[in-house]
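Subject: Handing over the structure

Hi,

Here is the structure I promised to pass on to you. Please open it alongside this email, and read on below for what turned up.

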2 protein chains.
Amino acid sequence: MTSFVATGVRGLVERVCAGDMRALARAISLVENDSLEATDVLSGCFPHTGAALRIGVTGSPGAGKSTVVDKLAQSWRAAGKRVGVVAVDPSSAFTGGAILGDRIRMQEAIGDNGLYVRSMATRGCLGGLARATAEVSQVIEASGKDVVLIETVGVGQDEVDIVRLADVTVVVLVPGMGDDVQSIKAGIMEIADIFVINKADREGADQVEKEIRALQSLSGRNGSWVASIVKTIATTGAGVDGLLDAIEQMREWLGAEGRLQARRKSYWQERIEEMVRQALLKEARTHGLSSEQFAEHAERVASGQEDPYQLVPSLVAQVFDARGAHQ
Amino acid sequence: MTSFVATGVRGLVERVCAGDMRALARAISLVENDSLEATDVLSGCFPHTGAALRIGVTGSPGAGKSTVVDKLAQSWRAAGKRVGVVAVDPSSAFTGGAILGDRIRMQEAIGDNGLYVRSMATRGCLGGLARATAEVSQVIEASGKDVVLIETVGVGQDEVDIVRLADVTVVVLVPGMGDDVQSIKAGIMEIADIFVINKADREGADQVEKEIRALQSLSGRNGSWVASIVKTIATTGAGVDGLLDAIEQMREWLGAEGRLQARRKSYWQERIEEMVRQALLKEARTHGLSSEQFAEHAERVASGQEDPYQLVPSLVAQVFDARGAHQ
């Protein structure tokens, strides 16, 4: 069976890498649903990744992220580059995961093999949204994209984790949202490489710029790179050329002195650790800790009959003993 | 050494449970910093918890959560109840963790042994903010509180995790913030037991109520409980009595048919699992997987020399083998 699955997956991965859109959609579903074949799909795609530039686009709701992403994608398509877009929608529980603009954009993308747009719902992602987004981005990248754009609302830890996978982080702000700069998760402000002040024809655009400059005096990971600030009116396309230039400059900067490699290494260090953590829990479930057992312990802890802080070490010991006995 | 530590901790826990405020502050620091004594402190406090009502108060920035929490705390103090407040500040990276209103409230609380306010910074919490908040709440509860209020901004997964520890979830909304209802993390809207429409004298209060009713037609965990909607102007205190009534009704509802126990069980089921996951990673670090090794693997993965999806299973096997060899 396994070899049959592996053969099937190998064929699928080959078709993905050859740019087959239907194979891509199927591979993404396998990964997103954490199916049995997911690891083989990811493993098969992995050697075909690394060349694309990964750009995270984040910002508060209503800042115009989708429009910025659309304009970037269109510009790169016009220049002959192949573009993937992963749009993460964190407010999807009640809408069922559909992003309003997404269907429209999908319409535009029909018949264009160089553009692939995928939206991620926050629901039903086993093992977390950041994992699922990273894995789906990787499969899309393997399908032969030059650029992968990852779009997400920048308000929670999920979003910080998602943005970490990007080589270049673009934060979209708008004037007149009062404490807009403050409402963006602090961790994201710190890893921003490029700030976009969108809807820059609105009053207060200079004020937003001033706030960003104030924050930059305290800045973070970027070493010698001082985040650029670009003003856009994405709906009309004004300023998008400036944003493209800023991204290109960032790409050149990253290309020097092993900076891109250093960023990706730091990302993978966290990601591998998370993968190990998840895999260990899976082992625990197989060797000794069933959901029923967790439920029974939870019942006793909730009623005060069992002390969770003494329980957990004994559960961990049990996992190792059970696994040892099976070897 | 261990017995000395344990004896020291036992004395500290006794003083915490006797209501000693300085002992409480010290116990919280031990837990927050994940120090060696943390488990003993938590284990010592655990038998003294369970009787307090845990109330989560969440909502978007600027909705007036702090004012609502202050008014509730004052009302309960006036009725002779002992109150603990844990305020989680997610935008603290640049401000250093200080909540503006917090110091003011601390001032008011001076000399009142029945009120304890603690703010949590999002930085420097080893093992995650949700864990730290849960553990700090528990220590405060053990110090003899009748009610523990947990206040947090409701925008990310962190916040959903934090709110899960509450018995009663209060979501604070304000009129005129446009897509305010939408910007609250969907998971929180679903677990809301009570909606507060604060600043209810503003235009649009009825519109917010209408939106909530619309969402409720799709609602979630609460079984036969339909979330109540309360209008307040927290700054003047208007409507706070109505909120107190709504909380009291919720408490009565939870008291019947084992509902409170069921909620706490479901919380502990997730929490124990997370604790096991953390403990397994700690084991992994001790037995075979040092930070240096993670870093070396990350380097190779980032440069495409090593496939992470084949790496992780081998790392996990290595952990079990190393631990087996040490037994």
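A:Cys45 counts as buried, since its relative accessibility is 0%. A:Cys17, on the other hand, is partly exposed, with a relative accessible area of 24%. Please keep in mind as you read that this is a predicted model.

You may wonder how many disulfides the structure holds. Over all chains, the number is zero. A disulfide, in general, is a covalent bond between the sulfur atoms of two cysteines. For A:Cys17, the nearest cysteine sulfur is that of A:Cys45, 5.4 Å away, and A:Cys17 is in no disulfide. Seen from the other side, A:Cys45 has the sulfur of A:Cys17 as its nearest cysteine sulfur, at 5.4 Å, and is likewise in no disulfide. The cut-off explains this: a pair of cysteine sulfur atoms has to be within 2.5 Å to count.

Next, a residue worth finding on your screen is A:Glu135. This residue sits in helix α6 of chain A, which covers residues 129-142. Is A:Glu135 buried or exposed? With a relative accessibility of 6%, A:Glu135 counts as buried, because the limit for that label is under 20%. Leaving aside residues up to four places away in sequence, A:Glu135 touches A:Val31, A:Leu42 and A:Arg271, and also B:Tyr309 from chain B.

Then there are the cavities. The structure holds two of 30 Å³ or more, and the second largest has a volume of about 30 Å³. Which residues line the second largest cavity? They are A:Arg54, A:Arg164, A:Leu165, A:Ala166, A:Asp167, A:Arg263, A:Arg264 and A:Tyr267. By type, this lining divides into five charged residues, three nonpolar ones and no polar ones. Helix α12 of chain A, residues 259-286, gives the most to the lining, with three residues.

Finally, here is chain A as a whole. The chain has 14 helices and seven strands. Of its 327 residues, 53% are buried. Among contacts in chain A with a separation of 6 or more, 77% are between residues 24 or more positions apart. The accessible surface of chain A comes to about 13,700 Å², and carbon and sulfur atoms account for 52% of that surface.

Happy browsing, and do write back with any questions.

Best wishes

Terms used. Residues are numbered from 1 along each chain as its sequence is written. Chains are lettered from A and ligands numbered from 1 in the order in which they are written. This is a predicted model: local features need pLDDT of at least 70, side-chain atom pairs count only at pLDDT 80 or more; totals for chains, interfaces and linings use all residues. Side-chain values use heavy atoms; hydrogens and water are left out. Helices (H or I, at least four residues) and strands (E, at least two) are DSSP runs, numbered from the N terminus. Buried means under 20% relative accessible area, exposed over 50%, partly exposed in between (1.4 Å probe, protein chains only). Contact means heavy atoms within 4.5 Å. Accessible areas come from the Shrake-Rupley method with a 1.4 Å probe; for residues, only the protein chains shown count as cover. On a 1 Å grid over the protein atoms alone, a cavity is a set of points where a 1.4 Å probe fits but cannot get out, and a pocket is an open set with protein on both sides within 12 Å along at least five of seven lines; lining residues have an atom within 4 Å of a point. Grid points are joined across faces, edges and corners, and a volume is the space filled by probe spheres set on the points. Ala, Val, Leu, Ile, Met, Phe, Trp, Tyr, Cys and Pro count as nonpolar, Asp, Glu, Lys and Arg as charged, and the others, Gly among them, as polar.
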